[in-house]
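Student: Could we go through the charged side chains of this protein together, one pair at a time?

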Amino acid sequence: MFAADSDGLSSTTTVKMAIIARITLVAGFAKAQKVDEIVKLLHKPDFPQGNRTLLEKIAANLPGMIFQVLQRRDGSEFVMYVSSGCRQLYELEPEHIQADLQVLHQLVHPQDAQAFTESVDVAKATLSPWRWEGRIITPSGKIKWIQGVSQLEQQANGDWLWEGLVMDITDRKQVEEQLRHSEMRYKAIVNAIPDLMFRLSRDGEYLDLKADEPSLLLPKEEILGKKVEDLLPPDVAVISQEAIARTLDSQSLQTCEYQLATPLGVRDYEARLVVSGTDEVLAIVRDITERKQGEAQLQSLAQKYAKAFRCSPDPISLSTLEEGRYIEVNDSFIRLSDFERNEVIGHTSFELNMWVNQRDRLTLLQQLQMTGFVRNLEIEFRAKYGKIITAQVSAEIIDLENIPCIIAVIHDITERKQAEAQLRLTAQRDRLLTETLARIRSSLNLDQILQTTVTEVRQFLQADRVFIGLNDRQGGANTVAESVNPQYPAVLGWTTDDQSYLQELKNLLITNSVRLVEDVNKTVVSAKIRTHYQQFQTRATLAVPIMLNNELFGALVANQCSGPRQWQNIEIDLLQQISEQLAIAIQQAQLYQELATLNCSLERQVEERTAQLQQKMQEIEGMQRVKDVVLHTIAHDLRTAVMGNLMVLKNLLKTQSLGTGEWELGKEPTAYRVPNSQSFISVSRSVIERMIQGNDRQLGMIDSLLEIHSCEGQGINLRRELVHFNTLLNSITKDLQPILNQNQAILNNLVLEDLPLVMADPMQLQKVLANLLTYSLQNNPPGLTFTLKTKVEGNRIRTVIEDNGITMSKLECDRLFDLYIPEPQACCSTSIALKMYLSRQVIQAHGGEIGVISHRKRGLSFWFTLPLATPSSTTRL
């Protein structure tokens with residue numbers, strides 16, 4: 001590439017030598033001040049060839065890349081030389097870099113590119129050596145840290161000559177990063193330590209410290225440079241100085257404790273000293289006041305717990321977890337177990353044979369291993385002399401000098417368990433008595449009562465045999481009910497008529513009231529009774545008499561055949577109470593038999609009386625039929641007569657002077673002459689009108705009576721139609737208008753036009769409205785005003801007829817529609833009362849209701865409701 005110079009050295013060799021010399025100078029490998037002088041030396045003809053070869057080898061083995069770049073004034077760059085180190089550093093061949101220097105710039109990490117450019121600009125501006133550290137990304141993707149150094153020299157023609165070395169410093173950077181992280185970590189650890197730290201010399205001078213300001217009793221400036229005797233009390237200073245000396249002399253950790261008076265009171269401190277340099281130590285000081293107080297409290301608690309351990313009324317033991325070997329027990333444990341202390345300490349519970357069931361210890365250990373504690377585990381223990389103790393054990397695992405141990409509290413519940421067992425027996429006894437009493441009250445089957453009783457008594461007593469023996473009517477005795485263990489002979493069906501034997505048994509029961517034998521072999525009895533015991537293998541017996549009317553009627557007996565038995569008081573009490581209930585059952589059965597006999601006689605009497613009553617009923621029914629015929633006949637004849645009278649009277653009123661008869665005295669005649677008659681009848685017109693009115697009332701009353709009679713027997717006969725209610729009311733009011741006119745009454749019709757359909761009998765409803773209007777008209781003077789209103793309420797329609805007439809009392813309102821005979825002085829006649837009753841029957845037959853409301857000041861409001869037509873009824877029509 002370069003031509004050879006006059007000294008016989010190639011231009012390339014000269015460039016290499018010059019670059020090596022400059023790099024050596026920059027890197028500190030030589031003392032030369034100028035690279036030009038080294039280059040001149042290399043150009044001398046007498047420069048040894050071996051040195052040239054050596055320099056070329058040094059360039060090849062340098063840990064980096066040597067370069068020489070000429071930067072021209074026009075900005076172009078010419079790479080004069082690049083060493084082979086670029087292959088390892090940049091993963092590029094020298095020829096690629098010489099061809100285009102920008103390939104190196106492109107490898108600079110984007111985050112370091114600006115710093116690289118700025119470093120180049122600064123070197124050019126100040127003509128100072130160029131130094132830069134940064135990252136590059138090689139073509140393979142590796143990130144490397146590099147360091148570049150270069151001498152910058154401006155040529156005479158204005159060009160810039162860059163000669164330098166680029167080295168891989170990735171390992172150094174990684175070490176620095178690790179050191180930095182390590183330093184940060186240790187610094188964080190130190191900062192996290194809340195303790196005070198002091199660096200002290202051998203003579204006790206404070207060289208440095210680390211602490212929070214609030215933790216120091218004095219400002220930092222007043223501490224550094226002072227000695228311990230200057231700042232601490234004399235006794236504390238002596239302790240501190242001795243600890244410093246021990247630490248430096250032994251070159252090991254030393255500790256000391258002391259107290260200092262602070263604004264918060266006297267505080268306890270602990271100092272830990274280690275050697276931190278030549279004749280200096282690092283003291284870490286910690287406030288241990290709370291720890292000291294805790295230790296004091298712990299010691300106090302330990303004393304209290306020791307007292308509680310010794311004085312506890314419940315036994316407490318401390319034993320090893322693995323073997324169960326006792327380490328310590330309290331006095332309560334000794335009293336409960338009957339062992340001496342020296343017999344327990346050092347021995348296991350198995351050696352002392354304390355476990356009734358050895359599996360209980362396995363259960364205890366399993367629960368301790370699962371949860372770490374046990375609460376109220378019920379276990380049976382054996383005391384020294386064989387007494388069985390039932391206890392509740394609560395235990396936890398504790399470490400005693402790194403040995404797992406069990407501390408157990410034992411609560412003796414033996415008496416409680418015995419009381420509970422007694423209560424259970426009492427409850428079973430009471431249940432048995434209650435059930436027996438209930439059976440006696442609810443059942444009259446004596447055989448069933450007796451058999452159930454012996455079965456349940458044997459189950460309660462756990463006896464081998466329970467039976468009931470009763471006297472018979474012939475003077476003998478037999479067994480009527482029994483429950484027996486199949487292993488032993490049955491007594492059921494046994495009977496005897498031996499009067500001497502029976503008398504002996506009766507004497508035993510009556511004399512003692514309870515026959516109790518715990519072992520038949522140890523009691524004195526007659527030969528017959530002993531033979532009886534042997535025949536049925538009886539070893540112990542308990543018998544109570546069944547007394548009826550102060551006489552012995554039988555006995556309830558329990559036998560133990562498997563061996564002797566000690567009968568308990570609760571068992572004796574049970575049999576006595578059961579025998580009383582059995583006496584009641586027997587007496588009840590006797591009464592039932594007597595009652596059955598009486599019932600047979602009573603049934604016969606009832607049958608006879610029933611036949612008599614049936615005969616009387618038939619007679620009454622005949623009389624009722626006769627009454628109906630008589631009522632119908634009388635009503636018919638009376639109605640015919642009344643109607644005849646009405647016809648005659650009405651004809652008389654209609655007859656004019658030019659007719660078949662004539663009035664003699666003008667407008668108000670006093671006599672009437674009948675044609676072809678020889679005499680005159682003197683009758684006033686008003687009298688005839690009153691006679692007509694009276695006959696009308698009688699006829700209406702007769703019709704009402706007949707209708708009520710029909711209603712009571714067959715009900716109201718309705719002929720329902722699907723009608724618009726407003727149309728129906730308008731039609732009815734139109735038909736009733738003559739009555740209103742006759743009484744000078746006014747009817748205000750406020751009936752709505754859009755009322756729904758109803759299923760009703762128009763004729764019957766017209767009668768109801770006529771009856772309601774007639775009631776008001778008859779009890780008020782002429783000129784009455786009525787108001788007719790309707791409204792829909794749910795699935796019903798409500799009709800109201802208001803008047804401005806007289807009022808009524810509450811009693812009169814309540815009974816207006818009832819069937820009753822008014823008092824003679826009452827304003828309501830019998831005829832209208834019957835019609836009001838019929839009105840309610842009609843409305844109720846429609847499925848509605850009717851009533852009357854009397855207003856406080858004036859007038860009445862009659863009301864009735866009717867159900868609306870349903871879709872099904874509309875569809876049928």
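The questions and answers below concern salt bridges and burial in a predicted model.

Student: How many salt bridges does the structure hold?
Tutor: A pair counts when a side-chain nitrogen of Lys or Arg lies within 4 Å of a carboxyl oxygen of Asp or Glu. With that cut-off applied to this predicted model, the number of salt bridges in the structure is 35.

Student: Which residue forms a salt bridge with Asp-112, and where does that partner lie?
Tutor: The closest N and O atoms of the pair are 2.9 Å apart, and the partner of Asp-112 is Arg-135. The two residues are 23 residues apart and link distant parts of the chain, with Asp-112 in the loop between helix H6 (102-106) and helix H7 (113-126). The partner, Arg-135, lies in strand S3 (residues 130-137).

Student: Is Asp-112 buried or exposed?
Tutor: A residue is called buried when its relative accessible area is under 20%. Asp-112 has a relative accessible area of 12%, and therefore it counts as buried. Its partner Arg-135, at 19% relative accessibility, also counts as buried.

Student: Which helix holds both Lys-417 and Glu-420?
Tutor: These two residues form a salt bridge whose closest N and O atoms are 3.7 Å apart. Lys-417, with a relative accessible area of 24%, is partly exposed, and Glu-420 is partly exposed as well, at 27%. They are 3 residues apart, about one turn of the helix, and both lie in helix H15 (residues 414-442).

Student: What is the relative accessible area of Arg-465, which meets Glu-482 in a salt bridge?
Tutor: The side chains of Glu-482 and Arg-465 meet with an N to O distance of 3.5 Å. Glu-482 lies in strand S17 (residues 477-484) and Arg-465 in strand S16 (residues 465-471), so the salt bridge ties together parts that are 17 residues apart in sequence. Glu-482 is buried, with a relative accessible area of 8%, while Arg-465 is also buried, and its relative accessible area is 0%.

Student: Which residues do salt bridges join into one network?
Tutor: Here the salt bridges share partners, and in this way they connect several residues. The residues joined into one network are Glu-257, Glu-270, Arg-272, Arg-291, Lys-292 and Glu-295.

Student: Which residues does Arg-267 touch, leaving out those up to four places away in sequence?
Tutor: Arg-267 lies in strand S9 (residues 265-277) and is buried, with a relative accessible area of 16%. Once residues up to four places away in sequence are left out, Arg-267 touches Tyr-258, Gln-259, Leu-260, Thr-262, Asp-287, Thr-289 and Glu-290.

Key:
Residues are numbered from 1 along each chain as its sequence is written. This is a predicted model: local features need pLDDT of at least 70, side-chain atom pairs count only at pLDDT 80 or more; totals for chains, interfaces and linings use all residues. Side-chain values use heavy atoms; hydrogens and water are left out. Helices (H or I, at least four residues) and strands (E, at least two) are DSSP runs, numbered from the N terminus. Buried means under 20% relative accessible area, exposed over 50%, partly exposed in between (1.4 Å probe, protein chains only). Contact means heavy atoms within 4.5 Å.
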